[in-house]
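Here's a quick briefing to read with the model open in your viewer. Could you walk me through the sheet, the helices on it and the place where the chains meet?

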Amino acid sequence: MRGSAFDEISFFSAIAASGARALLIGRRALVVLGLPVLTADYDFWLHSEDIEKLNEATRPFDLEPNRDADDARRVGRYVLENDEHIDVLVSGARTTVDGVEVRFDDLWSRRTSVDIGAAEVFIPAIDDLILTKRIAARPKDAEDIRLLERLKEVRDE
Amino acid sequence: MSDHRLPSSSAVQATTLFSNRRLTSEEFQAYVDAPVSEAEREEALRLIRWFKKRYPTPAERLAYARRSYTRWRTADLSVRRR
């Protein structure tokens, strides 16, 4: 059964130790911040120069990339998978549904470090996370934005 | 009484494609700006406060998310086997 054997803390720890510039985005980042949403996958936005670092770090978890690094850079994304599914965005910039350019370097410079015990996870600032939700622009991304706005209210209490 | 009949694979595929579609800018903004009643807002805030109190650390929240997904998958498979 998926979700039983995978050591999540070790996984994040290996990524942190690799030095890869990897931002946890997507619903897993919402969970870290305090939103109880259902999610199957992990989503990262990775600096395109760090693909090899991430692949090397996740190899002990039997995660296999579905593209080689050059192909991933050309396409702008790839997947690491076994029983787990890790979506990795490697574009330098993406555009939101309303035409705003979102640059990895900007998000990285404003990142938040989260201590998860034996490891450190980097996530975008909440407003940047909202911007990333405007890239895919699916109905569930809109719902996530509404939840993130509620989360900001709780954080301000 | 429910007969637990499952939708066809083509119906599931069509629903997945529909729910994962990229909205237009106007559609997306309409979703984001849809009015929220005070009751809905309070319910969302209550849920967030509960989650953060029950699982105060990010590591605990991540573990909860994995357990929650496993439970959901188990329930889903259970229905499919009926």
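Helix α3 of chain A, residues 51-58, lies across five strands of chain A: β1, β2, β3, β4 (77-81) and β5 (85-89). Against β2(A), this helix runs at about 145 degrees. Keep in mind that this is a predicted model. The rest is sorted by topic below.

**The sheet under the helices**

- Those strands form an open sheet in chain A, in the order β1-β2-β5-β4-β3, and the pairing is mixed.
- At the edges sit β1 (22-25) and β3 (64-65) of chain A, each pairing on one side only.
- Helix α2 of chain A (residues 26-33) also lies across part of this sheet, over β1 and β2 of chain A, and runs at about 80 degrees to β1(A).

**A closer look at β2(A)**

- As a reminder, strands of a sheet pair through backbone hydrogen bonds, in either a parallel or an antiparallel way.
- With β1(A), strand β2 of chain A (residues 42-46) pairs in the antiparallel sense, over four bridges.
- Within that pairing, Ala22(A) stands opposite Leu46(A), and Leu23(A) has Trp45(A) as its bridge partner.
- With β5(A), β2(A) pairs in the parallel sense, again over four bridges.
- There, Tyr42(A) has Ile86(A) of β5(A) as its bridge partner.
- How covered is β2(A)? Mostly: five of its five residues are buried.
- In a regular strand, side chains alternate between the two faces of the sheet.
- Here Tyr42(A), Phe44(A) and Leu46(A) point one way from β2(A), while Asp43(A) and Trp45(A) point the other way, and all of them are buried.

**Val97(A), a buried loop residue**

- Val97(A) belongs to the loop between β6 (93-95) and β7 (101-103) of chain A.
- Why does Val97(A) count as buried? Because it has 21 C-beta neighbours inside 10 Å, and the cut-off for buried is 20 or more.
- Leaving aside neighbours within four places in sequence, Val97(A) touches Arg134(A) and Ala137(A) in chain A, plus Arg22(B), Leu23(B), Ser25(B) and Phe28(B) across in chain B.
- Lys133(A) is 36 residues away from Val97(A) along the chain, yet their C-alpha atoms are separated by 9.4 Å.

**Where chain A meets chain B**

- The contact takes 32 residues from chain A and 28 residues from chain B.
- On the chain A side, the elements giving two or more residues are α1 (8-18), α2 and α7 (139-155) of chain A.
- The largest share of that side, nine residues, comes from α7(A).
- Sorted by class, the chain A side has 19 nonpolar, five polar and eight charged residues.

**α7(A) against α2(B)**

- α7(A) packs with helix α2 of chain B (residues 25-33) at an angle of about 35 degrees, and their axes are 8 Å apart.
- Which hand does the crossing of α7(A) and α2(B) have? It is right-handed.
- From α7(A), the residues at this meeting are Pro139(A), Ala142(A), Ile145(A) and Arg146(A), and from α2(B) they are Phe28(B), Tyr31(B) and Val32(B).
- By class, this helix-to-helix contact has six nonpolar residues, no polar ones and one charged.
- Phe28(B) is worth selecting in your viewer: α7(A) meets it here, and Val97(A) is in contact with it too.

Definitions and conventions. Residues are numbered from 1 along each chain as its sequence is written. Chains are lettered from A and ligands numbered from 1 in the order in which they are written. This is a predicted model: local features need pLDDT of at least 70, side-chain atom pairs count only at pLDDT 80 or more; totals for chains, interfaces and linings use all residues. Two strands pair if DSSP finds at least two bridges between them. Two residues are in contact if their C-beta atoms, placed from the backbone, lie within 7 Å. Axes are lines fitted to C-alpha atoms, for helices over the stretch in contact, and angles run from 0 to 180 degrees between N-to-C directions. A residue is buried if 20 or more other C-beta atoms lie within 10 Å of its own, exposed if 12 or fewer, and partly exposed in between; C-beta atoms are placed from the backbone. Ala, Val, Leu, Ile, Met, Phe, Trp, Tyr, Cys and Pro count as nonpolar, Asp, Glu, Lys and Arg as charged, and the others, Gly among them, as polar. A crossing is left-handed if the near helix is turned anticlockwise from the far one by less than a right angle, and right-handed if clockwise.
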